[in-house]
Amino acid sequence: MADGPALHRALVDALVRRGAITDSRIETAFRAVPRHPFLPDVPLAEVYRDQAIPTKMVDGEAISSSSQPEIMATMLEQLRLEPGLRVLEVGAGTGYNAALMAHVVGETGTLITMDVDDDLVDGARAHLAAVGATRVQVVLGDGGLGYPDGAPYDRIILTVGAWDVAPAWWSQLRPGGRLVLPLTIGGSQKSVAFVHAGDHLASASVTDCVFMRLRGSFAGPPTRVDLGDTPNLRLYVRDPAAVDAAAAYQLLQSAPVDLRTGVSVVEREVAGSLVLWIALREPGFCWLEAIGAEADTQPVPQLYAVPGKYRSAAGVFEGTSASFFMRPPGDSASAGAEPRPFELYVRGLGEGVETGGRLLEHARAWNLAGRPGSDGLRIRALPIDVRLTAWGR
Ligand SMILES: C[S@@+](CC[C@H](N)C(=O)[O-])C[C@H]1O[C@@H](n2cnc3c(N)ncnc32)[C@H](O)[C@@H]1O
């Protein structure tokens, strides 16, 4: 029989040991607020694993979840919470993150969290009531517009992925305040902590993350092309209107040419670093993914996979030619296991030798450049009508 308090303690101990939690206020909040009241239908052993737990599915895709505790902790540290602050969260979900934040800002602070679906709002309210976090306000609304009624905020956090900084988040943040959000940058997601610096937002820290995408008015331009006759095989590109889906599907069935890069990697550095390197250099940068029970049998080279659920690879798609990074042929992904290094391969398809050769060179150049990571990134966000020459100041 699983012992909830012991499992809870062990999870927080592990987050502290791994350095995901360093701020004593965040540690106190994680120790004080259990996760299981926010996931009442999930077995305790699952609840206290360091994993994201989907809570609402549409067409086999999670549209709400309780985020992985490690990234929650990392983002809360990026947010620099203190007692008395006024905070807006976009993406209430289960309400767990809001409860943690409410614990830190305390009785003198204000915590408003919002979500787009009324069932999620009702659920978050019920979970928060169950742990006595009755001061948290849960609001139904589109977070792309922020929540002007509660502005200005000292902190705004998104626990859902954005493709750009919405004007509302900027205008509802106090000067000197912090905005932390998962932002898509060149095909990979980064959790960016921005500080409001008057006429622009300046990044204070950047780390890797994976979140579902924002819905509603600020959902961003479409990037997805469905391939084949099920919606379970998808290509994500910058200009989906330019893709002939039938031809792309055919291309995936063509005979592959596999190339060895001679570069040994772990999964994390591919997603966190190499993907951005490629996306900044290749206009045809893409992700290919298959979801659902048939994911393993779909024509997706295996870079990331959860057997029977998911498979994806990043690469370049150019209509008659496509190439993808992948694990060595026959090597299975280490889902849930300790990451172990593998030699990165490139799979070329169609007239793939050219794109394949380029990916190979990119991988080697990235390796020689020291595999630059997210922590070295510096980002400034400016309103779209500000001339870039203003950067020189
Ligand atoms: C990963 S979950 C958030 C997890 C949550 N913070 C928790 O602790 O359980 C992302 C949430 O963002 C919500 N969401 C998506 N688009 C939104 C929008 N435009 N405004 C507000 N919430 C949105 C989803 O409905 C989903 O519940």
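The buried residues of helix α2 pack against three other helices, namely α1 (4–17), α4 (69–79) and α5 (96–105). This is a predicted model, and the points below go on from α2 to the ligand and then to several individual residues. Around the ligand there are 26 residues, and the protein covers 99% of the 600 Å² of accessible area that the ligand has on its own.

**Helices α2 and α4**

- In helix α2, which runs over residues 24–32, the buried residues are Ile26, Ala29 and Phe30. Because these residues cover an arc of only 95 degrees around the axis, they are on the same side of α2.
- The N-terminal end of α2 is capped by Asp23, which places a side-chain oxygen 2.8 Å from the backbone nitrogen of Arg25.
- Helix α4, one of the partners against which the buried residues of α2 pack, has 11 of its 11 residues buried, so α4 is largely enclosed by the rest of the structure.
- The buried residues of α4 include the charged residues Glu70 and Glu77, and among the others are Pro69, Ile71, Met72 and Leu79.

**The surroundings of the ligand**

- Of the 26 residues that surround the ligand, the closest are Ser64, Thr94, Asp115, Gly143 and Arg215.
- The side chain of Ser64 has an N or O atom that lies 2.7 Å from an oxygen atom of the ligand.
- Glu89 also takes part through its side chain, in which a polar atom lies 3.1 Å from a nitrogen atom of the ligand.
- In Asn97 it is a polar backbone atom that lies 3.0 Å from an oxygen atom of the ligand. With contacts such as these in place, the protein covers 99% of the accessible area of 600 Å² that the ligand has on its own.
- At least two residues of the shell around the ligand are supplied by each of β2 (61–66), β3 (86–90), α5 and β4 (110–115), and β2 gives the most, with 4 residues.
- By type, the residues of this shell divide into 10 nonpolar, 12 polar and 4 charged.

**Backbone features that depart from the usual**

- Most residues other than glycine have a negative phi, and most peptide bonds are trans.
- Just after α4 comes Arg80, with a positive phi of about 50 degrees, and Arg80 is found in the loop between α4 and β3.
- Arg371 is also a residue other than glycine with a positive phi, here near 55 degrees, and Arg371 lies in the loop between α10 (352–368) and β18 (380–381). Its relative accessibility is 22%, so Arg371 counts as partly exposed.
- The peptide bond that joins Ala151 and Pro152 is cis, with omega about 0 degrees, and Pro152 has its place in the loop between β5 (137–140) and β6 (153–158).

**Three loop residues and their contacts**

- Asp331 lies in the loop between β16 (321–326) and β17 (342–350). Buried means under 20% relative accessible area, and because the value for Asp331 is 18%, this residue counts as buried.
- Leaving out residues up to four places away in sequence, Asp331 touches Gln302, Arg340 and Phe342. With Arg340, the side chain of Asp331 also forms a polar contact of 3.1 Å.
- Val116 has its place in the loop between β4 and α6 (118–130), and with a relative accessible area of 33% Val116 is partly exposed.
- Although Val116 and Leu214 are 98 residues apart along the chain, their C-alpha atoms are separated by 9.7 Å. Residues up to four places away in sequence aside, Val116 touches Leu140, Gly141, Asp142 and Arg215, and Arg215 is also one of the residues closest to the ligand.
- Ala255 lies in the loop between α8 (245–253) and β12 (257–265). At 64% relative accessibility, Ala255 counts as exposed.
- Not counting neighbours within four places in sequence, Ala255 is in contact with Gly348 and Leu349. Ala255 and Val16, by contrast, are 48 Å apart in space from C-alpha to C-alpha, and 239 residues apart in sequence.

How values were computed
Residues numbered from 1 in each chain as written. Predicted model: local features only at pLDDT ≥ 70, side-chain atom pairs only at ≥ 80, totals over all residues. Heavy atoms only, no water. Buried < 20%, exposed > 50% of the residue type's maximum accessible area, 1.4 Å probe, protein only. Polar contact = N/O pair within 3.5 Å; in protein donor to acceptor, adjacent residues only side chain to side chain. Contact = heavy atoms within 4.5 Å. Arc of directions from axis to C-beta. Near = heavy atom within 4 Å. Areas by Shrake-Rupley, 256 points an atom, 1.4 Å probe, with all protein chains shown as cover.
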